[in-house]
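I opened this notebook to keep track of what I looked up in the structure, entry by entry. I begin with the terms I need and then go from the whole chain to single residues.

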Amino acid sequence: MEVYCEDAAQGTSGSAGGSRGEARPPAKRSLGQNYLRDPEVTRRIVAALKAEPGDSLIEIGPGPGALTGHLLAGAPERLVLVEKDHAWAFARRETLREFPGVSGGVILADALELAWERVRGPWKIIGNLPYNVASPLMWEIFSRAGFSRAVFMIQKEVGERIAASPGSRAYGALSVWLQSFARPQLECIVPPQAFYPRPKVYSAVLSFTPLSREGTGSLPPPPALKPVLADLIRRCFQQRRKQLGTILREARGEAGLWEKSGIDPVLRPENLSPGDFLRLALVFSQRISL
Ligand code: SAM
């Protein structure tokens with residue numbers, strides 16, 4: 001069942017943009033600038049992050065600061081904002097100056113090019129992500145960063161793909177890759193009227209708990225296996241209607257390889273769980289170079 005973020009389903013009040021009456025530059029489509037204008041929706045998104053006083057937080061694309069204000073109200077120890085738009089980066093730098101007790105700062109950068117591997121430990125990451133970079137950005141963050149929780153708002157269809165189960169039409173490379181690192185949970189659906197300017201599509205808020213923190217016994221892939229796994233997933237879903245044995249032809253001469261992996265080569269990629277892909281990558285990485 002789809003859960004809507006309360007008020008947004010009925011219409012919204014409030015204006016977009018700089019809360020303190022700061023000048024608001026025209027929204028740039030190229031930067032996916034659809035700003036949140038509903039305080040209740042904003043509050044729910046931040047609540048999904050489960051931030052506690054003293055936490056270390058990263059926000060991607062703070063823009064006019066709707067989420068930033070709520071994050072600061074929660075008294076984090078560190079808050080790092082990553083923003084590609086000069087005007088918003090400078091405006092948010094001013095916001096942070098008003099909170100001298102919070103360390104961190106604003107990074108004026110393309111989040112896609114950030115050295116995410118330097119983010120290690122108990123960081124919590126949040127962002128109302130620009131639609132045009134959301135998928136590659138999440139792929140990068142999950143591959144390289146360490147975090148204790150993440151909450152992202154993204155296009156609803158992308159959210160459905162990420163949370164999809166094996167065997168479903170929406171299940172694909174992005175589902176397998178992100179689910180190899182974290183368990184996604186749909187928090188709520190946000191309709192277009194919650195934003196200014198209004199996008200043409202609905203959005204979804206997803207939270208992510210890293211597998212290692214879940215206590216289910218599932219573990220993320222070891223660093224050395226990540227390139228093999230990523231390559232395997234991409235190759236398989238480029239030909240998702242074919243059988244694994246056909247896609248991975250090079251395995252034919254390798255006696256016992258399929259038996260060892262416990263995976264039937266007549267299956268199709270969409271039938272395999274993220275755990276199956278990990279097992280396959282492990283066996284393959286020991287026998288042949290993909
Ligand atoms: N957080 C604000 C909100 O919820 O109202 C703004 C969200 S808006 C959908 C996306 C924000 O990400 C904009 O501020 C935009 O300038 C910024 N942005 C776009 N592409 C970016 C990128 N590649 N790296 C960092 N920030 C980016």
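Before listing any neighbours, I note that I take contact to mean heavy atoms within 4.5 Å. I also note that I am working with a predicted model.

**Entry: the chain as a whole**

I looked up the overall make-up and found twelve helices and nine strands in the protein chain. Of its 290 residues, 49% count as buried. I then looked at contacts between residues at least 6 apart in sequence, and 69% of these join residues at least 24 apart. The accessible surface of the protein chain comes to about 13,600 Å², and carbon and sulfur atoms account for 52% of that surface.

**Entry: Ser175**

I looked up Ser175 and placed it in helix α7, which covers residues 173-179. Is Ser175 buried or exposed? Its relative accessible area is 1%, and since buried means under 20%, Ser175 counts as buried. Leaving out residues up to four places away in sequence, I list Arg161, Ile162, Ala164 and Ala170 as the residues that Ser175 touches.

**Entry: strand β2**

I turned next to strand β2, residues 56-60, where five of the five residues are buried, so the strand is largely enclosed by the rest of the structure. As a reminder to myself, side chains in a regular strand alternate between the two faces of the sheet. For β2 I find both faces covered, with Ser56, Ile58 and Ile60 buried on one side and Leu57 and Glu59 buried on the other.

Which strands pair with β2? One is strand β3, residues 78-83, which pairs with β2 in the parallel sense over five bridges, and another is strand β5, residues 123-128, which pairs with β2 in the parallel sense, also over five bridges. Glu59 takes part in both pairings, standing opposite Leu81 in β3 and having Ile126 as its bridge partner in β5. I also record that β2, helix α3 (residues 66-73) and β3 make a right-handed β-α-β unit.

**Entry: strand β5**

I checked β5 in the same manner, and six of its six residues are buried, so β5 is largely enclosed by the rest of the structure. Both faces of β5 are covered, with Trp123, Ile125 and Gly127 buried on one side and Lys124, Ile126 and Asn128 buried on the other.

Following Ile125 across the sheet, I find that Ile58 stands opposite Ile125, while in strand β6 the bridge partner of Ile125 is Ala150. Five bridges join β5 to β6, residues 149-155, and the two strands run parallel. With helix α5 (residues 134-144) between them in the list, β5 and β6 make a right-handed β-α-β unit.

**Entry: the ligand**

I counted the surroundings of the ligand and noted 19 residues, of which the closest are Gly61, Glu83, Asp110, Ala111 and Asn128. Asn128 is a residue I had already listed among the buried ones of β5.

I then looked at distances to oxygen atoms of the ligand. An N or O atom in the side chain of Gln33 is 2.9 Å from a ligand oxygen, a backbone N or O atom of Leu36 lies 2.9 Å from a ligand oxygen, and a polar backbone atom of Gly63 is 3.4 Å from one. Taken alone the ligand exposes 590 Å², and the protein buries 98% of that area.

**Entry: Pro197**

I looked up Pro197 in the loop between β8 (195-196) and β9 (203-210), and the peptide bond from Tyr196 to Pro197 is cis, with omega near -10°. Pro197 is partly exposed, with a relative accessible area of 29%. Not counting residues up to four places away in sequence, Pro197 touches Ala27, Gln33 and Asn34. Asn34 is 163 residues from Pro197 along the chain, yet their C-alpha atoms are separated by 5.4 Å. Gln33 also appears in my ligand entry, through its side chain.

**Entry: positive phi values**

What is the phi of Lys50? Although Lys50 is not a glycine, its phi is positive, at about 55°. Lys50 sits in the loop between α2 (39-48) and β2 and counts as exposed, at 54% relative accessibility. Ala75 likewise is not a glycine and has a positive phi of about 55°. I place Ala75 in the loop between α3 and β3, and with a relative accessible area of 43% Ala75 is partly exposed.

Notes:
Residues numbered from 1 in each chain as written. Predicted model: local features only at pLDDT ≥ 70, side-chain atom pairs only at ≥ 80, totals over all residues. Heavy atoms only, no water. Helix = DSSP H or I, 4+ residues; strand = E, 2+ residues; numbered from the N terminus. Buried < 20%, exposed > 50% of the residue type's maximum accessible area, 1.4 Å probe, protein only. Pairing = 2+ DSSP bridges. Right-handed = clockwise from strand over helix to strand, strands pointing away. Near = heavy atom within 4 Å. Polar contact = N/O pair within 3.5 Å; in protein donor to acceptor, adjacent residues only side chain to side chain. Areas by Shrake-Rupley, 256 points an atom, 1.4 Å probe, with all protein chains shown as cover.
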